[in-house]
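Let's take a walk through this structure, with an eye on its aromatic rings and on one place where helices meet. Here it is.

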Amino acid sequence: MRRNTLRTLSISLLGTFRVELSGKPVPRFYRKMQALLAYLAAHPDQPFRRETLAELLWPDLPADSARQNLRRALANLREVLADDDKDSPLFVASKDFIRLAPSESLWIDLNEFVSSPPSCLIARAAEHCTPCLDQMERMAELYRGEFLERFTLPDNQDFDDWVQMKREAYHRHALGLLERLTKCYEQNGDLGRALIHAQRYSRLEPWDEAGHRRIMRLYLKTGQVNAALNQYRVCCQVLEKELGVAPGAELRSLYESIQQGIPAPESTPPSTPSELPRLASERRQVTVLYCELSSPQEADPEDIAEMLHEPQQTCIRAIERFGGRITRVHGGGLLAYFGYPVAREDAARQAGLAATQIQATLNAEYPRVAVRQGIHTGFIVTSDDPNLPDTVGATSGLAVRLRLVAEEGQIAVSAATHRLIQGYFHCEPLGTHRMRGLSRPVEVYRVVKATGAISRLTASPHPFTPLQGR
């Protein structure tokens with residue numbers, strides 16, 4: 001039994017799912033066993049009811065069959081992981097609950113990744129920051145990739161939704177960690193280390209213009225003017241390739257200042273946050289509208305910006321009228337959230353009404369302005385920043401890409417949005433389309449016009465049985 005006493009179990013959930021026993025990779029075991037172990041490892045201090053786990057992993061089976069499969073999976077896991085030490089078991093299992101057993105021989109990367117470094121409450125100086133920076137460096141190294149990278153359970157939407165929620169939360173935590181490291185090193189004058197973490201931040205969040213601006217300013221501080229100019233071009237390529245949009249005014253202004261040799265306007269002095277952003281836990285359904293304005297007749301960027309100013313204000317008024325919250329502007333485009341920060345049952349319908357009003361108003365008042373719109377409904381993991389509801393951009397990114405399917409003057413919506421607005425709007429199918437970053441094609445519809453329905457009863461495509469004798 002000495003072998004079991006020295007046994008250690010290492011579980012890595014960030015990046016490719018990996019399990020090692022006493023330093024050696026555990027031979028592959030079947031997918032449902034991996035899912036069970038990953039779920040328990042992601043909540044190491046929490047016991048789960050057997051019914052909950054059985055329903056999550058075998059949702060299509062009767063309750064008795066699902067629980068039998070769970071018992072078999074747990075027994076197989078114990079065999080694969082050599083869990084035969086009754087004095088120090090890997091699992092604590094009772095008649096009703098299952099959990100991982102707390103043990104010094106159990107290492108899970110998430111435990112260290114989400115730990116909080118000490119708050120910066122003392123005078124900031126390199127000698128005081130070293131322990132905190134060392135800890136954050138170790139935490140950042142643990143983020144080898146997204147949570148359970150490329151791991152899915154076929155035909156199990158609930159499990160995949162849980163994985164996606166965790167991916168977004170840990171991705172945002174990694175971004176907050178890298179941003180804090182960048183600011184700390186910049187504060188301490190170590191611009192080389194600051195640049196390393198700023199570049200990694202940008203690789204994780206390539207369409208975040210603030211991240212590209214941060215890199216450009218660090219390049220300038222280190223005298224690398226050509227590198228700063230090239231970073232702008234990299235950002236333009238990424239935004240065009242990923243989202244089909246142009247960079248915003250602030251980034252363009254910084255680029256032009258560097259080109260002309262004018263000292264770039266100073267950003268807010270780097271400050272070290274007292275603590276990392278808290279891990280988000282609220283998962284919320286929202287509808288995202290992306291509205292792109294363009295002027296095909298104009299070629300000069302300044303003339304385009306001037307021409308689009310008034311139409312853009314018209315769009316903003318329409319979005320706000322129907323309860324949308326505008327969070328980002330990309331060139332001539334507007335990104336708005338419906339159902340955030342206050343949840344609304346009719347968020348998708350309100351987004352559709354805003355889009356159709358925008359289309360009608362621009363056609364009537366600004367015929368030289370072309371408009372294309374995309375709408376998608378999906379789940380987001382909310383952040384502490386009210387101006388950044390979709391921290392990873394999976395939902396908003398799809399809305400932005402959907403407008404590429406639409407022709408000028410059209411409103412393209414995903415199947416998820418179509419299910420919610422069906423009956424409120426006349427829609428036509430636009431077929432299925434491959435979207436960058438998605439493994440499955442997306443079914444797309446075009447909104448033609450509103451039907452005039454004002455409630456789910458009148459919007460329902462299926463007639464209700466009339467009440468009798470009431």
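How many aromatic pairs does a search of the whole structure find? This is a predicted model, and the search turns up eleven of them. A pair of aromatic rings is described by the distance of the centres and the angle of the planes. Here are two of the pairs:

| Pair | Centre to centre | Angle between planes | Kind |
|---|---|---|---|
| Tyr 39 and Trp 162 | 4.6 Å | 55° | tilted |
| Phe 113 and Tyr 170 | 6.4 Å | 75° | edge-to-face |

Take the tilted pair to start with. Tyr 39 sits in helix 2 and Trp 162 in helix 7 (residues 157-187), so this pair links distant parts of the chain, 123 residues apart. Both Tyr 39 and Trp 162 are buried.

Now for the edge-to-face pair. Phe 113 belongs to helix 5 (residues 109-113) and Tyr 170 to helix 7, so the two tie together parts that are 57 residues apart in sequence. Phe 113 and Tyr 170 are buried too. The four residues in the table also turn up in one aromatic cluster, along with Phe 17, Phe 48, Tyr 143, Phe 147, Phe 151 and Phe 159.

Back to helix 2, the home of Tyr 39. Helix 2 (residues 31-42) packs with helix 3 (residues 50-57) at an angle of about 135°, and their axes are 11 Å apart. That makes helix 2 oblique to helix 3, and their crossing is right-handed. On the helix 2 side, the contact is made by Lys 32, Ala 35, Leu 36, Tyr 39 and Leu 40, while helix 3 brings Leu 53, Leu 56 and Leu 57. Sorted by character, the contact residues are seven nonpolar, no polar and one charged.

How values were computed:
Residues are numbered from 1 along each chain as its sequence is written. This is a predicted model: local features need pLDDT of at least 70, side-chain atom pairs count only at pLDDT 80 or more; totals for chains, interfaces and linings use all residues. Side-chain values use heavy atoms; hydrogens and water are left out. Axes are lines fitted to C-alpha atoms, for helices over the stretch in contact, and angles run from 0 to 180 degrees between N-to-C directions. Helices (H or I, at least four residues) and strands (E, at least two) are DSSP runs, numbered from the N terminus. Angles under 35 degrees count as roughly parallel, over 145 as roughly antiparallel, 65 to 115 as roughly perpendicular and the rest as oblique. A crossing is left-handed if the near helix is turned anticlockwise from the far one by less than a right angle, and right-handed if clockwise. Contact means heavy atoms within 4.5 Å. Ala, Val, Leu, Ile, Met, Phe, Trp, Tyr, Cys and Pro count as nonpolar, Asp, Glu, Lys and Arg as charged, and the others, Gly among them, as polar. Rings of Phe, Tyr and Trp (its six-membered ring) pair if their centres lie within 6.5 Å; planes under 30 degrees apart count as stacked, over 60 as edge-to-face and the rest as tilted. Buried means under 20% relative accessible area, exposed over 50%, partly exposed in between (1.4 Å probe, protein chains only).
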